[in-house]
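Me: I am learning to read a protein structure and would like to go through one slowly, feature by feature. Could you give me the general idea each time, and then show me the case here?

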Amino acid sequence: QSAATVSTFANEGIMITKADGIIVDTNAAFSLITGYTQDEVVGQKPHMLGSGHQDSAFFAALWTELQSTGQWHGEIWNRRKTGELYAAMLNVSTVRNSKNHIDYFVALYTDITSKKNYENQLERRAHHDPLTGLANRVLFTDRLSQAIVQTLRHNKLLALVYLDLDGFKTVNDVYGHQAGDVLLIAVAARMQE
């Protein structure tokens, strides 16, 4: 009774599978996160949530750790019923019987999509010009350093093109900064093409 109460009121999505991976139970938070009702997932395997972001080596390592230590913890990308991707912090634990055989796996999901999106936005802001979307000096310097190392390692040549917009100050002075921004965005788009 108390386990059912905890499952019902938990903020984390809970999924319980048999040792063979067949889903036998979920809670309301799981349905809120994934969009699937309990009836839609019971009898299925968790790979129905797969996003394709993790390869078979990722899942092999997950199962190896789960079998050897009895638990796994990490981030995973899954797909909601709507097809939308979501990031989850996942904790999986094994439940063993008196003979030390695995009876169940219990997975706790926490949706961290908004956190991951925020981290990606911060990363983008830190390394890209907000107006043009081009790499800023920090990212450019890092990529140039990597290219130089690769060039030296493989005994190849490296070319670097420097582009200067002559008369750009005049565009800003005569037509205003908004027109200058439009020009920079157009030049950046053409460079990226």
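**Reading the model feature by feature**

Reply: Let us begin with exposure: Met48 is partly exposed, with a relative accessible area of 23%, where buried means under 20% relative accessible area, exposed means over 50%, and partly exposed lies in between (1.4 Å probe, protein chains only). Please keep in mind that this is a predicted model, in which local features need pLDDT of at least 70 and side-chain atom pairs count only at pLDDT 80 or more, while totals for chains, interfaces and linings use all residues. Residues are numbered from 1 along each chain as its sequence is written, and side-chain values use heavy atoms, with hydrogens and water left out.

Me: Where does Met48 lie, and which residues is it in contact with?

Reply: Met48 is found in the loop between helix H3 (38-41) and helix H4 (56-69); helices (H or I, at least four residues) and strands (E, at least two) are DSSP runs, numbered from the N terminus. Contact means heavy atoms within 4.5 Å, and, leaving aside neighbours within four places in sequence, Met48 is in contact with Tyr36, Glu40 and Val41. The C-alpha atoms of Met48 and Asn78 are separated by 9.0 Å, although these two residues are 30 residues apart along the chain.

Me: How many salt bridges are found in the whole structure?

Reply: A salt bridge is a side-chain nitrogen of Lys or Arg within 4 Å of a carboxyl oxygen of Asp or Glu, and a search of the whole structure finds seven of them. Arg80, in the loop between strand S3 (71-79) and strand S4 (85-96), is a good residue to study, since it takes part in salt bridges with Glu84, at 3.2 Å between the closest N and O atoms, and with Asp111, at 3.0 Å between the closest N and O atoms. Asp111 belongs to strand S5 (residues 102-111), so its pairing with Arg80 ties together parts that are 31 residues apart in sequence.

Me: Is Arg80 buried or exposed, and what does it touch?

Reply: Arg80 counts as buried, because its relative accessibility is 14%, whereas Glu84 is partly exposed at 42% and Asp111 is partly exposed at 30%. Not counting residues up to four places away in sequence, Arg80 touches Ile33, Thr34, Tyr36, Tyr86, Asp111 and Thr113.

Me: Which residues are linked in a network of salt bridges?

Reply: That network links Glu75, Lys115, Lys116 and Glu119. Within it, the side chains of Glu119 and Lys116 meet at 3.5 Å, N to O, and because these two residues are three residues apart in helix H5 (residues 113-127), they are separated by about one helical turn. Lys116 counts as buried at 15% relative accessibility, while Glu119 is partly exposed at 32%.

Me: How should I describe two packed helices?

Reply: Two packed helices are described by the angle between their axes and the distance between the axes. Here the axes of H7 (168-175) and helix H8 (residues 177-192) come within 6 Å and cross at roughly 140°; axes are lines fitted to C-alpha atoms, for helices over the stretch in contact, and angles run from 0 to 180 degrees between N-to-C directions. H7 and H8 are therefore oblique to each other, since angles under 35 degrees count as roughly parallel, over 145 as roughly antiparallel, 65 to 115 as roughly perpendicular and the rest as oblique. The contact is made by Phe168, Val171, Asn172 and Tyr175 of H7 and by His177, Ala179, Gly180, Leu183 and Leu184 of H8.

Me: What is the sign of phi in Asn100 and Asn155?

Reply: Most residues other than glycine have a negative phi. Asn100, in the loop between S4 and S5, has a positive phi near 70°, and Asn155, in the loop between H6 and H7, has a positive phi near 55°. Asn100 counts as exposed at 52% relative accessibility, and Asn155 counts as exposed at 70%.

Me: Where does Thr151 lie, and is it buried or exposed?

Reply: Thr151 lies in helix H6 and counts as buried, with 13% relative accessibility. Not counting residues up to four places away in sequence, Thr151 touches Lys156, Leu157 and Leu158. Leu158 lies in the loop between helix H6 (137-153) and helix H7, and is partly exposed at 43%.
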